[in-house]
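This report describes the salt bridges, the strand pairing and the surface of one protein chain. The sequence and the structure are shown first.

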Amino acid sequence: MPDVFAELVGQDDAVDTLRRAAASAAAVLRAAHLPAPSATADDPDDDLAALAEADEGAAAGSTGTAVDPGAGMTHAWIFTGPPGSGRSVAARAFAAALQCVHGTGCGTCPGCHTTLTGTHADVRLVAPEGLSIGVGEMRALVLRAASTPSGGRWQVVIIEDADRLTEAAGNALLKAVEEPPPRTVFLLCAPSTHPEDVSVTIRSRCRVVPLRQPSAAAVAEVLVRRDGIAPDVAQWAAAAAQGHVGRARRLARDPEARQRRDAVLAVPRRLTGVGTALDAASALIEAAEAEAAASVAESDATERAALQTALGAGGTGRGAAGATRGSAGQLKDLEKRQKSRATRAQRDALDRALVDLAGFYRDALTSALRAPVAPVHTDTAALAEAGGQKWAPEGALRRLEAVLECRAAIEANVKPRIAVEAMMLSLWRG
Ligand SMILES: [Zn+2]
């Protein structure tokens, strides 16, 4: 039976670290005689001492001294890696292992199961629905995270995209990470530990679990094994997705995702003048908008239905507390959050398109240089080769740089349409 870490593709080192930490965390709980849900924190001193020891071990490991860096449990973790490497998958798997009644992440017990399905009472997930995570949300979260775990194990807070914390939210989090309640564990996900992604002070309090970009072979293997995708399709999708597991699965399964990708990769040969360049820019922006709308439509509807059910039912527990605020207000809040998530989804979709386009020009460049490397996009390899011959390495490199500059400009808040138009003109002129 595959355990909770089976979803992590090509991340053997990280899985090893997390397994050992989960075992260590289970040992902490055993030492405190608190495996049963009903027995909550009777003897916090033992618990604290055991965890403090574990903390020391982890801190020593991160500074490179002779302690085994794989052992030990600590209160705060950062999962880093490129998009699609499985940061949030790793954080969820680790959360499940912490809540697992066997302490291993067996994948089948109620602790594992409820964590993975998002219904465990002691696991909270913060995913920024807008472009950033605000201070109000963070303060509320920190407050709740300080309570005693109802299941008798750990309070786990997963913060996806911790690089999108506002400064104030980061400070609120820092306070909690600096003086963590004895049973609270923070799991942060970020692209890297660069100070632009995670503040130096938060970073210094966390143990880092670096994830790699999984190889195309590892991604293809999991698509075949887990999703039952045909091997040739899996190989093509894994290469085209450039190590992004979720993207590979979408390309393999969703014909519309494939069509959007085809449209993006058709751009280079359509650039014949200023008019077509500007048309291509519009098409790219509109495709990103359409993709974003499709990707959020389902969760928007689910959330609205869930909220309406909660309001209609009068609610128990968490729902009842919120219901006092009035249903109109809640629906309005939800709409606001959904709108800001849509904006973010558009940016993400546009960025994926730009990554695909960069892959094409990278293929043209490597072909012009006669570099012995496999193309990113096998299905447009011939076209990229023709481009490489026509443009020579310098021209291919200039075009690749134009795509990368466009990504950087959008990241720096240049209006996407302007950045994309500038890029298309550069791609046409060369
Ligand atoms: Zn389990």
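In this predicted model, Arg-226 counts as partly exposed, at a relative accessibility of 26%. Its salt-bridge partner is Glu-7, with the closest N and O atoms 2.8 Å apart. The contact links distant parts of the chain: Glu-7 belongs to the segment before helix H1 (12-31), Arg-226 belongs to helix H8 (residues 216-227), and 219 residues separate the two. Glu-7 is likewise partly exposed, and its relative accessible area is 40%. The pair is also part of a wider arrangement, since salt bridges with shared partners join Glu-7, Arg-226, Asp-227 and Arg-249 into one network.

**Salt bridges around Glu-291**

The chain has 18 salt bridges in total. Two of the others involve Glu-291, which counts as buried because its relative accessibility of 11% falls under the 20% limit. One joins the side chain of Glu-291 to that of Arg-260, at 3.4 Å from N to O. This contact runs between helix H13, which holds Glu-291, and helix H11 (residues 255-265), which holds Arg-260; the two residues are 31 apart. The other salt bridge connects Glu-291 with Arg-352, the closest N and O atoms being 3.0 Å apart. Arg-352 lies in helix H15 (residues 327-368) and Glu-291 in helix H13, so this pair ties together parts that are 61 residues apart in sequence. Arg-352 is partly exposed, with a relative accessible area of 22%.

The three described pairs are listed below.

| Salt bridge | N to O distance |
|---|---|
| Glu-7 with Arg-226 | 2.8 Å |
| Glu-291 with Arg-260 | 3.4 Å |
| Glu-291 with Arg-352 | 3.0 Å |

**Strand S4 and its neighbours**

Strand S4 (residues 184-190) is mostly covered, and seven of its seven residues are buried. Cover is present on both faces: Thr-184, Phe-186, Leu-188 and Ala-190 are buried on one side, and Val-185, Leu-187 and Cys-189 are buried on the other.

S4 pairs with strand S1 (residues 76-80) through five bridges, and these two strands run parallel. Within this pairing, Phe-79 has Cys-189 of S4 as its bridge partner. Strand S3 (residues 155-159) also pairs with S4 in the parallel sense, again over five bridges. Here the bridge partner of Val-156 is Val-185 in S4. Between S3 and S4 the chain passes through helix H6 (residues 167-178), and the resulting β-α-β crossover is right-handed.

**The surface and the chain as a whole**

Val-274, Leu-278 and Trp-428 make a nonpolar surface patch of about 220 Å². Val-274 is found in helix H13 (residues 274-312), the helix that also holds Glu-291. Why is Val-274 classed as partly exposed? Its relative accessible area is 42%, and the class of partly exposed residues lies between the 20% and 50% limits.

Overall, the chain contains 17 helices and five strands. Of its 430 residues, 43% count as buried. The chain exposes about 20600 Å², of which carbon and sulfur atoms supply 55%. Among contacts between residues at least 6 apart in sequence, 73% join residues at least 24 apart. The salt bridge between Glu-7 and Arg-226, which are 219 residues apart, is one link between distant parts of the chain.

Conventions:
Residues numbered from 1 in each chain as written. Predicted model: local features only at pLDDT ≥ 70, side-chain atom pairs only at ≥ 80, totals over all residues. Heavy atoms only, no water. Buried < 20%, exposed > 50% of the residue type's maximum accessible area, 1.4 Å probe, protein only. Helix = DSSP H or I, 4+ residues; strand = E, 2+ residues; numbered from the N terminus. Pairing = 2+ DSSP bridges. Right-handed = clockwise from strand over helix to strand, strands pointing away. Patch = residues over 30% accessible without salt bridge, like charges linked within 9 Å, V, L, I, M, F, W, Y side chains within 5 Å. Areas by Shrake-Rupley, 256 points an atom, 1.4 Å probe, with all protein chains shown as cover. Salt bridge = Lys/Arg side-chain N within 4 Å of Asp/Glu carboxyl O. Contact = heavy atoms within 4.5 Å.
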